[in-house]
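Here is a set of exercises to work through with the model open beside you. Try each task before you read its solution.

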Amino acid sequence: IYQLSSFVTNEGGFAYWPGSQDADEWSTSYAGHFLLEAQQQGYSVPTGLLRSWINYQQRRATQWGTGSGYDREELVQSYRLYSLALAGEPAQGAMNRMREQGELSLVAKWRLAAAYALAEQEEVANQMIRGLETSVNDYQENYGTFGSALRDEAMILETLTLMGQLELGLRLY
């Protein structure tokens with residue numbers, strides 16, 4: 001937990017390498033997610049570290065623009081929004097703006113639905129996942145979001161669990 005402070009940039013994001021001043025957007029959400037889970041398990045997490053991460057995430061959530069054409073950028077934003085909701089500080093405006101943009105990738109929709117579920121907006125979360133596929137084509141990404149079909153299906157399962165749809169989740173495997 002304390003080693004992560006060597007990855008913090010001046011803006012409050014997390015770099016991929018210690019000492020770097022360029023935040024990596026996926027790593028920033030991932031590191032913050034780790035800190036939140038560690039705190040929930042009773043580990044001591046420096047308040048300033050968590051607060052600077054939340055502030056960074058909030059700024060980036062509102063600055064995010066649509067129309068990039070890259071599924072990866074949608075997933076990065078949806079994970080950012082999920083992590084803020086997990087922290088108890090959902091970026092409602094950014095969540096709504098992303099949802100209303102229309103065509104999102106499958107995994108970004110599932111991650112955004114999880115953010116809505118954490119923000120106690122079950123109706124919106126249910127609307128988002130209605131009719132969505134629960135399987136992902138096999139792939140492996142060694143950069144960007146470091147994704148795989150297994151990771152994506154785990155996020156889908158987590159969303160279903162958050163939404164209390166355990167029966168559907170059990171049918172995934």
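**Exercise 1. Where is the place of Phe146, and what does its backbone do?**

Before starting, some ground rules. This is a predicted model, in which local features need pLDDT of at least 70 and side-chain atom pairs count only at pLDDT 80 or more, while totals for chains, interfaces and linings use all residues. Residues are numbered from 1 along each chain as its sequence is written, and side-chain values use heavy atoms, with hydrogens and water left out.

Step 1. Phe146 sits in the loop between α6 and α7; helices are DSSP runs of H or I, at least four residues long, numbered from the N terminus.

Step 2. Look at the backbone: Phe146 has a positive phi of about 50°, although it is not a glycine. For context, most residues other than glycine have a negative phi.

Step 3. Phe146 counts as partly exposed because its relative accessibility is 32%. The classes are buried under 20% relative accessible area, exposed over 50% and partly exposed in between, with a 1.4 Å probe and protein chains only.

Step 4. Now try Glu120, in the loop between α5 and α6. Glu120 is not a glycine either, and its phi is positive at about 60°. With 64% relative accessibility, Glu120 counts as exposed.

**Exercise 2. Which residues line the largest pocket, and what classes do they belong to?**

Step 1. Start with the definition: on a 1 Å grid over the protein atoms alone, a pocket is an open set of points where a 1.4 Å probe fits, with protein on both sides within 12 Å along at least five of seven lines; lining residues have an atom within 4 Å of a point.

Step 2. List the lining: Leu4, Phe7, Phe14, Ala15, Tyr16, Trp26, Ser27, Tyr30, Ala31, Phe34 and Phe146. So Phe146 from the first exercise turns up here too, if you go by the definition of lining.

Step 3. Sort them: 10 are nonpolar, one is polar and none is charged. Here Ala, Val, Leu, Ile, Met, Phe, Trp, Tyr, Cys and Pro count as nonpolar, Asp, Glu, Lys and Arg as charged, and the others, Gly among them, as polar.

Step 4. The space in this pocket comes to about 220 Å³, where grid points are joined across faces, edges and corners and the volume is the space filled by probe spheres set on the points.

**Exercise 3. Check the span of α1, then look at what His33 and Gly32 touch.**

Step 1. Helix α1 covers residues 25-40, and its 16 residues should span 22 Å at 1.5 Å a residue. That expected span is 1.5 Å times one less than the number of residues. The end C-alpha atoms are 23 Å apart, which agrees.

Step 2. Take His33, in helix α1. His33 is buried, with a relative accessible area of 14%. Leaving aside neighbours within four places in sequence, His33 is in contact (heavy atoms within 4.5 Å) with Trp53, Tyr79, Tyr82 and Leu86.

Step 3. Gly32, also in helix α1, is buried with a relative accessible area of 0%. Not counting residues up to four places away in sequence, Gly32 touches Phe14 and Trp53. Gly32 and Ala87 are 55 residues apart in sequence, yet 8.8 Å apart in space, C-alpha to C-alpha.

Step 4. Move past the helix end: just after α1, Gly42 takes a positive phi of about 100°.

**Exercise 4. Which residues of α6 are buried, and what covers them?**

Step 1. The buried residues in α6 are Val124, Ala125, Met128 and Ile129. They cover an arc of only 125° around the axis, which puts them on the same side of α6; the arc is that of the directions from the helix axis to the C-beta atoms.

Step 2. Their cover includes α4 (92-100), α5 (106-118) and α7 (149-162).

Step 3. Zoom in on Val124, which counts as buried at 15% relative accessibility. Apart from neighbours within four places in sequence, Val124 is in contact with Arg99 and Tyr116.

Step 4. Turn to α4, whose buried residues are Ala94, Met95 and Met98. Seen down the axis of α4, these fall within an arc of 100°, so they line one face of the helix. The face turned away from the buried side carries the exposed residues Gly93 and Glu100.

Key: Helix = DSSP H or I, 4+ residues; strand = E, 2+ residues; numbered from the N terminus.
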